[in-house]
Amino acid sequence: MTPDAPSPVRAARIDLLTGGITFAAILIFAGTGSRAMTSFVDLVAGNGEGADATLVTAVLLNIALMLFGWRRYRDLTREAGARAAAEDRVRTLATHDPLTGLLNRRSLGEGVANLFGRAGQRGKTVAMLMLDLDKFKTVNDLHGHEAGDTLLRDVAAAIAGLLPPNAMLARLGGDEYAAVFLYDAANPVTVDLVAERLIARLAEPFDLGEATAHVTVSLGIARSDHDCTNGDALMRRADIAMYAAKKAGRNRLVWFDASMERALQARNAVEAGLRSGIPNGEIVPYYEQQIDLATGRLLGFEVLARWEHPTRGLIPPDIFIPVAEETGMIGDLSLSVMRQAFEQARGWDAELSLSVNISPAQLKDPWLAQKIVKLLVETGYPARRLEIEITESALFDDLDLARTIIGSLKNQGIRLALDDFGTGYSSLAHLRALPFDRIKIDRSFVMSMAENSESAAIVTAITRLGDSLGMPITAEGIEDGAIAAQLQAIGCHKGQGFHYGRPIPIRQVRTLLAEQALLPSGRAEPAAPDDAAEAVRRAI
């Protein structure tokens with residue numbers, strides 16, 4: 001309703017008044033019109049003096065009022081039609097997606113609730129298919145949002161054409177769709193067939209006019225007869241199954257299983273715990289020894305993150321590191337562990353070094369080098385005793401940014417190691433393009449080299465490559481003395497693994513260092529004032 005439009009009550013009053021005036025005009029015209037017309041006919045025939053002026057005026061006024069009433073009736077009819085059309089549009093917008101014309105999330109929820117009732121009456125089961133397009137963002141990036149909208153409409157039409165009769169189809173937002181229909185619980189293969197046809201069809205190219213789009217779909221399926229009592233629960237389960245399909249490799253279907261929900265709840269609990277555990281210092285450094293293979297002398301430690309949970313005890317990194325990377329908390333977690341390690345290690349023997357692994361997600365941060373240098377300055381840990389380990393996979397996304405970060409760290413005197421060497425596809429190119437100081441052989445080759453001749457050959461080749469490039473080699477994953485002796489024989493001088501001990505917390509490290517007389521009795525080794533000032537200057 002516009003600001004100048006009359007209210008519904010006022011409009012009704014105006015319509016009633018207009019109708020009354022028109023009706024009265026018609027009655028007056030019926031009473032006076034015949035007399036005026038008779039007078040006019042007499043005048044034309046020469047039989048009278050003509051019509052009375054007052055009478056003619058009344059007739060003309062009556063005619064005007066009737067015309068006014070007719071025009072008003074026509075306007076009201078048009079207005080009523082427009083108002084009905086507007087109400088229809090409002091109802092449509094409230095229940096349907098404006099782009100595709102499909103149901104929206106709200107109307108789908110109402111429809112699923114009704115479908116649950118029908119399923120109980122007919123002895124059927126409700127199936128919900130949750131579909132999310134893979135690589136849809138690529139279409140938008142390459143061809144623009146107009147092409148993306150065209151694709152969404154074409155996908156909606158393709159899905160609708162493959163669903164059973166009376167199925168409900170909705171677009172939930174973005175590139176996500178949901179389909180719901182009834183089926184016989186004893187014959188779930190019918191749902192599989194529908195899902196498989198959808199996956200096959202959506203994998204075919206879509207003609208967008210000036211471009212062709214190639215997408216696939218991740219499809220999750222949930223059913224109502226497995227302790228699922230309402231539409232919200234069914235939709236949540238289908239959504240969980242859809243994300244499981246994405247994690248499993250996309251372009252596939254996955255049926256919901258209760259274990260998925262339990263895993264999601266556990267994952268969410270880990271995320272919530274990390275959000276409080278990182279600032280509370282619950283994620284602490286553990287230390288894995290790095291040994292001179294020839295002499296057995298302790299050379300330093302690799303710093304590893306462990307979660308000392310106040311109620312659950314020690315949580316291993318394979319539980320919380322992936323969650324930290326998914327949620328973007330890995331940067332704060334890593335810096336927190338580094339700060340603790342630098343503060344704990346600055347007073348150790350000056351020949352002991354620390355190795356810290358950098359996550360691929362951290363290497364996307366253009367300020368990473370400055371953040372690490374800032375930690376060194378604030379903790380007083382010498383840059384020359386720090387080695388940053390970077391995995392090959394971390395270099396794939398943005399090699400130029402990686403080169404900048406590595407160069408900045410190198411300029412501060414920090415050493416760089418290429419971790420998990422041999423598992424990537426461009427190791428030699430990275431060694432040539434980036435100023436690494438050390439190569440770390442991936443543990444998968446080292447652990448199997450005693451019984452696998454190919455692994456032994458790879459380890460030997462990497463060791464010789466390091467010698468030719470002037471890069472020392474560190475072998476990780478040394479499980480027994482035989483492997484250590486084999487590594488020493490081929491010229492590898494530094495290693496780590498469970499053969500030398502598992503990662504240990506700081507209290508055990510202090511005991512170990514005290515036994516080996518590697519804890520100076522004097523004050524902790526400070527950073528040289530000039531070096532610290534220079535580091536701050538370069539970091540700004």
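## The cavity

Three nonpolar and three charged residues make up the lining of the largest cavity, with no polar ones among them. This is a predicted model, and the cavity in question is the one of 30 Å³ or more that the structure holds. Its volume comes to about 30 Å³.

Who sits around that space? The lining consists of Pro360, Leu363, Lys364, Ala394, Asp397 and Asp398. Pro360, Leu363 and Ala394 count as nonpolar, while Lys364, Asp397 and Asp398 count as charged. As for how such a space turns up at all, rolling a probe the size of a water molecule over the atoms shows where empty space is left.

## The largest pocket

Now for the open space. The largest pocket has about 710 Å³ of volume, and 28 residues line it. Glu302, Val303, Leu304, Ile321 and Asn357 are the ones nearest the centre of the pocket. Sorted by class, the pocket lining has 13 nonpolar residues, nine charged and six polar.

Which elements supply at least two residues each to that lining? On the strand side they are β9 (298-309), β11 (353-358) and β13 (415-421), and on the helix side α9 (317-327) and α10 (330-345). The top contributor is β9, which gives five residues to the pocket lining.

## Helix α10

One of those pocket-lining helices, α10, is worth a look of its own. From first C-alpha to last, its 16 residues reach 22 Å, close to the 22 Å expected at 1.5 Å a residue.

Plenty of names come up when you ask which residues of α10 are buried. The list opens with Ile330, then runs through Leu333, Ser334, Leu335, Ser336, Val337 and Met338. Gln340, Ala341, Phe342 and Ala345 complete the buried set of α10.

## Salt bridges: two pairs

How many salt bridges does the structure hold? The count is 21. Take Glu261 and Arg236, whose closest N and O atoms are 3.2 Å apart. Glu261 belongs to helix α8 (residues 258-277) and Arg236 to helix α7 (residues 231-247), so this salt bridge ties together parts that are 25 residues apart in sequence. Glu261 is buried at 16% relative accessible area, whereas Arg236 is partly exposed at 42%.

The bridge between Glu378 and Lys374 stays within one helix: the two residues are four apart in α11 (residues 368-379), separated by about one helical turn. An α-helix has 3.6 residues a turn, so residues three or four places apart point the same way. The closest N and O atoms of Glu378 and Lys374 are 2.5 Å apart. Both partners are partly exposed, with Glu378 at 40% relative accessible area and Lys374 at 47%.

## Salt bridges: a network

Arg443 and Glu476 also form a salt bridge, at 3.7 Å from N to O. This pair links distant parts of the chain, 33 residues apart: Arg443 is in helix α14 (residues 443-448), and Glu476 is in strand β15 (residues 473-476). Which of the two is buried, and which partly exposed? Glu476 is buried, with a relative accessible area of 4%, and Arg443 is partly exposed at 33%.

These two don't act as an isolated pair, since a network of salt bridges links Glu302, Glu389, Lys440, Arg443 and Glu476. Glu302 is a name from earlier: it is among the pocket-lining residues nearest the centre of the largest pocket.

Notes. Residues are numbered from 1 along each chain as its sequence is written. This is a predicted model: local features need pLDDT of at least 70, side-chain atom pairs count only at pLDDT 80 or more; totals for chains, interfaces and linings use all residues. Side-chain values use heavy atoms; hydrogens and water are left out. On a 1 Å grid over the protein atoms alone, a cavity is a set of points where a 1.4 Å probe fits but cannot get out, and a pocket is an open set with protein on both sides within 12 Å along at least five of seven lines; lining residues have an atom within 4 Å of a point. Grid points are joined across faces, edges and corners, and a volume is the space filled by probe spheres set on the points. A salt bridge is a side-chain nitrogen of Lys or Arg within 4 Å of a carboxyl oxygen of Asp or Glu. Buried means under 20% relative accessible area, exposed over 50%, partly exposed in between (1.4 Å probe, protein chains only). The expected span of a helix is 1.5 Å times one less than its number of residues.
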